[in-house]
Amino acid sequence: MNFEEFEKIQLVLKPYNVQLIAVSKTKPSTEVMQLYKLGQRHFGENKVQELTAKQEELPKDICWHFIGHLQTNKVKYIAPFVHLIHSVDSLKLLIEVNKQAVKNNRVINCLLQIYIANEKTKYGLSFTEAEQLIASPEFITLKNIRICGLMGMATNISNQSQIDWEFASLQYFFKQLKERQFADVPYFKELSMGMSSDYTIALKHGTTMVRIGSILFGERNYS
Ligand SMILES: *Cc1c(COP(=O)(O)O)cnc(C)c1O
């Protein structure tokens, strides 16, 4: 755990009023507790099983963010408690989230994940697909979900101007959507972009949530 980095990130984010989501995937609950004791309450996970295990054993006032690819058949496991799903990338998934939200008698906050990277491996909707989803007749019937904004991941690349351009284009699309489709939706206000390597770039483009793992917890070991 890099406590110095934790303090530094908080100082950097403060003037921007940006939410830090500590991405604890692959890291043990003991490390989550170390940050919890310092006041951190927002944590991000990308695997359903790992998230539910940690949620069970850790304090109940943690706000859990789901940031990974979500399979429809696994929504039910996180629906009772998840704070925000960043990775909604299809209408089918959104319909299932709504269904499970109804079952749990709650409203589930979601972001639409938008594909901005120049890579084949990343999930997400194109701008056009996102617009189509929002305009679809089914979308209007989903009363137990709330689209709070957009999420995007930039290309994993050292070329800063490429990342800059990707975040700028997502910010532009976000503004357009807000004006055209969500003008009277006050909760449509979140832009989740920026990770360990590129969060300072995301700050220049209006991010409201950064998802930071490795510079806080150290490199992950996927053995
Ligand atoms: C792992 C992950 C992060 C954090 O990545 P770091 O480079 O460790 O900061 C952020 N967002 C998503 C979607 C992730 O899967």
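Begin by selecting Cys110, which is buried at a relative accessible area of 0%, where buried stands for under 20% relative accessible area with a 1.4 Å probe and only protein chains counted. Before going on, note that this is a predicted model, in which local features need pLDDT of at least 70 and side-chain atom pairs count only at pLDDT 80 or more, while totals for chains, interfaces and linings use all residues. Residues are numbered from 1 along each chain as its sequence is written, and side-chain values use heavy atoms, with hydrogens and water left out.

Add Cys148 to the selection: the structure holds 0 disulfides, a disulfide being a pair of cysteine sulfur atoms within 2.5 Å, and the cysteine sulfur nearest to that of Cys110 belongs to Cys148, 7.4 Å away. Cys148 is likewise in no disulfide, and Cys148 is buried, with a relative accessible area of 8%.

Now select the ligand together with the residues around it (those with a heavy atom within 4 Å), which include Val23, Ile67, Met153, Met195, Arg211 and Arg220. This shell divides into 5 nonpolar, 3 polar and 3 charged residues.

Which residues place polar atoms by the oxygen atoms of the ligand? In Lys25, a polar side-chain atom lies 2.7 Å from a ligand oxygen atom; in Ser196, a side-chain N or O atom is 2.5 Å from one; and in Ser214, a polar backbone atom is 2.7 Å from one. Of the 390 Å² that the ligand exposes when taken alone, the protein buries 91%, as computed by the Shrake-Rupley method with a 1.4 Å probe.

Terms used. A polar contact is a pair of N or O atoms within 3.5 Å; within protein, one must be able to donate a hydrogen and the other to accept it, and residues adjacent in sequence count only if both atoms are side-chain atoms. Ala, Val, Leu, Ile, Met, Phe, Trp, Tyr, Cys and Pro count as nonpolar, Asp, Glu, Lys and Arg as charged, and the others, Gly among them, as polar. Buried means under 20% relative accessible area, exposed over 50%, partly exposed in between (1.4 Å probe, protein chains only).
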